[in-house]
Amino acid sequence: MAMRPTSLSTKISDISLFDNFRDRSATLLSAPSSPVLPSSPLLSSPSLPHNPHLKERLRELIEKRTRLEIRLAEEERAKEDLRVKFLELGASFNETTEQLNKIIIQRKMRKKMSRSSRKFDDKSPLPEKLIVSPTSTGIPTIINNAMNFLMKHKDEKDLFGRIPSAAEKQTLRDAVAKEDTNGGDIFAEYEKRAYVVASYLKDYLQELPDPIIKSSLYENIITIREIKSPTLRTTVLRSIIQSLPPEHYITLKKLINLLHSVLEKPSSDKNGMTPQKIGSVFGSLILRKSIETAPSYVESTARGQIVQSLIQDFSSIFLHEAADIIYRKNLIESATLDRLAEKLLDEFYPEPNFPEIFFFTHEYYTHTDKLLQQLISMYKQFQDPARSQSLETSWNSKLRLRILQLFKLWTEEQQGELEKGSMIIDTQKFFASLGKNGLPQEQALIDQIRSWIFQCIAQKNNSRSMYTTPRLYNDSFPGIKMNVSLEILEQSPIELAQQLTIIDHALFTKIPPREFLLKSFSKPEESPNFTEMVSKFNRWANWTSHEILKKDNVNQRAEVIQLFIKIADECVRLRNYNSSCAIIGGLNNSAISRLKLSWEKVTKRDTRHYEKLVDLFSMENNFKRYRSIFTQIEDVTPTKKGKRDSVVVSGQSTPLDSPFVPYLALFSKDMSALEENYNNTTDNGLINVHKMRLLWRTVKVPLASQKAYNFSQNSQIAHYLKEVALPSEEELFSRSLICEPRQRT
């Protein structure tokens, strides 16, 4: 019998009828013969028992129902799975919605705080950032007033630990938002509830996008606890804090001062606050990463310890008050040797040239061998036998690398110092004991210093210093026969000026720094190179007078005078002030200045040039005109494009990065004045770092980055300048009287 297709819903609705049919047919299906049929309208038909297909049809219907039940169960399970997934999505949606609501609330509160801050400091978009307040306090006005209020109520019990209710917080925020005064009256009603104002201060610090201690300094400051030396840890922490922008620094200073007062007795006995409590409260408020996540217990503890260190060392960090080191405008004014040695390791100290100053002047306050042993001792202090991969970024690794850089600087800047006595051997033993180091940067520096030691010992065995400056001019000319005579008027003033400059520059760059210090230049036996250059200065002056007086004809003498004026002017253009001043000295010699007839023949143009040169080297106002040149040289820095400006000297432009030779006599005069006017130590026995800084600055310009001149030597002129015999002062004056006898009155 064919069946009409039906939908699943229709089939399911017929199941109840089918159940009745199946129950009534059970006896028939199980009976072997002559079944007793139940009294049912469906099965009571007379023809049913005699139908041969009845059993088969009933089985088909039962199987179909079974399949329908299985399918229905599967649908129920699918429906349950969908319901569970829907509930999970709903929970996730609710969580996300809650987070979004919190963000929206925080943004609304931040905007309200920002508007309230602008009420008191119209130019400050706080708390978006800290800027210098128009009230010149450097602190946002409302926060400044809050801290002043809390300072007066620092004895209140559990001042920073007690948490106000949400209503109390909101009331104060609303008052801040509505108040049009400077905020002084806002806190008046909280005389006995200062903890609400304290909570306002904490919320303000929490909502700053960039914390007071900027997040860019977080990694350096959070790992500072690795430094074992308390004094070194404090000096590095101080330099990091001092590197903050002014508005951050002044706000942090006042905050730490407040916390310092809260923890002082008898206030701490009354308020019950301890360093640990203060550290745990303010650690994450002033120290945060740029992308902040929930800090671990170890990290939270480290933040709290940093806050405790700032409070404990408040005087040393913020007030520059310490018995063994004194600051002035963030620079060291005076200190003990140990504190200076520690400061060498401080990469955050805002004086990049301090290591150079220290090594350049170290003989004023310690012996070289003692300093060597101190550096070695500091390196060993930060050695860690149990090295790990994390050591590459640890403070121990940083400090060892810093000490090796100091060794390298010493060997480069203070040439030849370590060659003295047994110091080079001690240095070799120390670096040989280091062995191979797994850290690439550290190992590279060790290898460089070892190479230097090897070369130094090899040179010492050959009785020569590896740092002997090669002569830039040849004064021996072996195998070359030359005539000592030279017709001066046939020579170019430019060529003569260049040859003088080559000789003077070679002599000047050969002078080691130690000959400028401790008045060594006043003792010929201690300053042979300085003495040689002084002798050369006197020779150029004598040579100038000699060449003029060699001419019997008044016109020729005038021509020679004009030639030397041109030579002196060209020397200034070449920035060889030593030779130029020597020539002016020769022209001012009494044997030359009295030659009125010869000077009358000098052209007006050359006379004007001569007067300008005399004015340049005039002693008036302590060589003011000449000093102005070096002031420009020292003060002018490279432009944004990397090019240097120029200095106009004697009407001409000279690049600042070209080589030069200073007027050596004035150089030694200034060094003598510094030695006499400043003591090596202060009244309290500290090393006078200010004097050492002045000594270094005086020597820096003439010694810094000297380059060779780009013109070559003229062997004939150089030989003549070396070999020409020069008369004495008495002989010059006698010759002058012959050229132009005294006029009888």
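Tutor: A charge sits over a ring if NZ of Lys or CZ of Arg is within 6 Å of the ring centre and within 35 degrees of the ring normal. Keep in mind that this is a predicted model.

Student: Thanks! Which residue has arginine 162 lying over its face?

Tutor: Look for a ring whose centre is 4.0 Å from the arginine. Arginine 162 lies over the face of tyrosine 195.

Student: And over the ring of which residue does the charged end of lysine 398 sit?

Tutor: Here the distance to the ring centre is 4.7 Å. The ring under lysine 398 belongs to tryptophan 395.

Student: Now for ring pairs. How are the rings of tyrosine 626 and tyrosine 663 arranged: stacked or edge-to-face?

Tutor: A search of the whole structure turns up 26 aromatic pairs. In this one, the ring centres are 6.2 Å apart. Planes over 60 degrees apart count as edge-to-face, and these planes stand at 85°, so the pair is edge-to-face.

Student: How many residues apart are tyrosine 626 and tyrosine 663 along the chain?

Tutor: Tyrosine 626 belongs to helix α27, while tyrosine 663 is in the loop between β4 and α28. The pair links distant parts of the chain, and the separation is 37 residues.

Student: Is cysteine 739 buried or exposed?

Tutor: Buried means under 20% relative accessible area. Cysteine 739 has 15% relative accessibility, so the verdict is buried.

Student: How many disulfides are there?

Tutor: For a disulfide, two cysteine sulfur atoms must lie within 2.5 Å. Counting by that rule gives zero.

Key. Residues numbered from 1 in each chain as written. Predicted model: local features only at pLDDT ≥ 70, side-chain atom pairs only at ≥ 80, totals over all residues. Heavy atoms only, no water. Buried < 20%, exposed > 50% of the residue type's maximum accessible area, 1.4 Å probe, protein only. Phe/Tyr/Trp six-rings, centres within 6.5 Å; stacked < 30°, edge-to-face > 60°. Helix = DSSP H or I, 4+ residues; strand = E, 2+ residues; numbered from the N terminus.
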